[in-house]
Amino acid sequence: MAGLNSKLSSAEAAAPGRSGRGVVISDDWPGYSLDLFTYPQHYYGDLDYVLIPHGIIVDRIERLAKDIMQDIGYNDIVVLCVLKGGYKFCADLVEHIKNLSRNSERFISMKVDFVRVKSYCNDQSLQDTQIIGGEDFAQLTGKNVLIVEDIIGTGRTMRALLNNIEKYKPKMVKVASLLLKRTSQSDGYRPDYYGFEIPNLFVVGYALDYNEHFRDLNHICVINNCGKAKYRV
């Protein structure tokens, strides 16, 4: 598919858990016309184009589950889902890992917990990250933790969350993010696993929101200025 590349060197391919694994969507990728897909009528006029169709998202998550299972499938894991945007990715990822575990010699026992993080107002990243539910991190002491996030942009939010978790001395912490955004504001953080590396665009859908709207959109799409203005707070 033009514009979508598996950017994977031989060294990265040989190293389990390396952050080099992912589908890279180039800056000049035009996306797909909205006319090719179905989506909720109440969002007509609010979107520019489909960046990643739902079917490709599902297939990519299945591969992420396989990678995670190969790398850390011998551990019991606490899956920490970052709300609200991460819930759909987390549910699908966990289901794929369970399916692989049922059909494998490796059985992976998973407990799912949740933390809520707020880092955006409208389409702007906040300087201060709000973590809700961090008082329960004591239960992560000595545990193998897989943090599941929807999107990583600057990296500040994830670093703040990791700093809070590491105070409680977990045995291992890995991070899986559906999206990794290329932005000049990035602090260089890259997750252990990610689905797609995308241009510096504000995207919605597949539970990613703009002020609580667009979570019911199956595809990952680029919101337009009309949509931002309509749902601005």
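Colleague: How is the accessibility of R63 to be read: is R63 buried or exposed?

Modeller: Relative accessible area, taken with a 1.4 Å probe on protein chains only, counts as buried under 20%, exposed over 50% and partly exposed in between. R63 has 42% relative accessibility and counts as partly exposed. This is a predicted model, in which local features need pLDDT (the predictor's confidence in each residue, from 0 to 100) of at least 70, side-chain atom pairs count only at pLDDT 80 or more, and totals for chains, interfaces and linings use all residues. Residues are numbered from 1 along each chain as its sequence is written, and side-chain values use heavy atoms, with hydrogens and water left out.

Colleague: Which residue forms a salt bridge with R63?

Modeller: A salt bridge is a side-chain nitrogen of Lys or Arg within 4 Å of a carboxyl oxygen of Asp or Glu. For R63 the partner is D67, with the closest N and O atoms 2.9 Å apart. D67 is buried, at 2% relative accessibility. Both sit in helix α2 (residues 54-72), four residues apart, so about one helical turn separates them.

Colleague: What is the N to O distance between E212 and R215?

Modeller: In that salt bridge the closest atoms are 3.2 Å apart. E212 is partly exposed at 41%, while R215 is buried at 15%.

Colleague: How far apart are the closest N and O atoms of R102 and E95?

Modeller: The distance in this salt bridge is 3.8 Å. R102 is exposed, at 56%; E95 is partly exposed, at 40%.

Colleague: How many salt bridges does the whole structure have?

Modeller: The search finds 10. A network of salt bridges links D27, R182, R190 and E197.

Note on methods
Helices (H or I, at least four residues) and strands (E, at least two) are DSSP runs, numbered from the N terminus.
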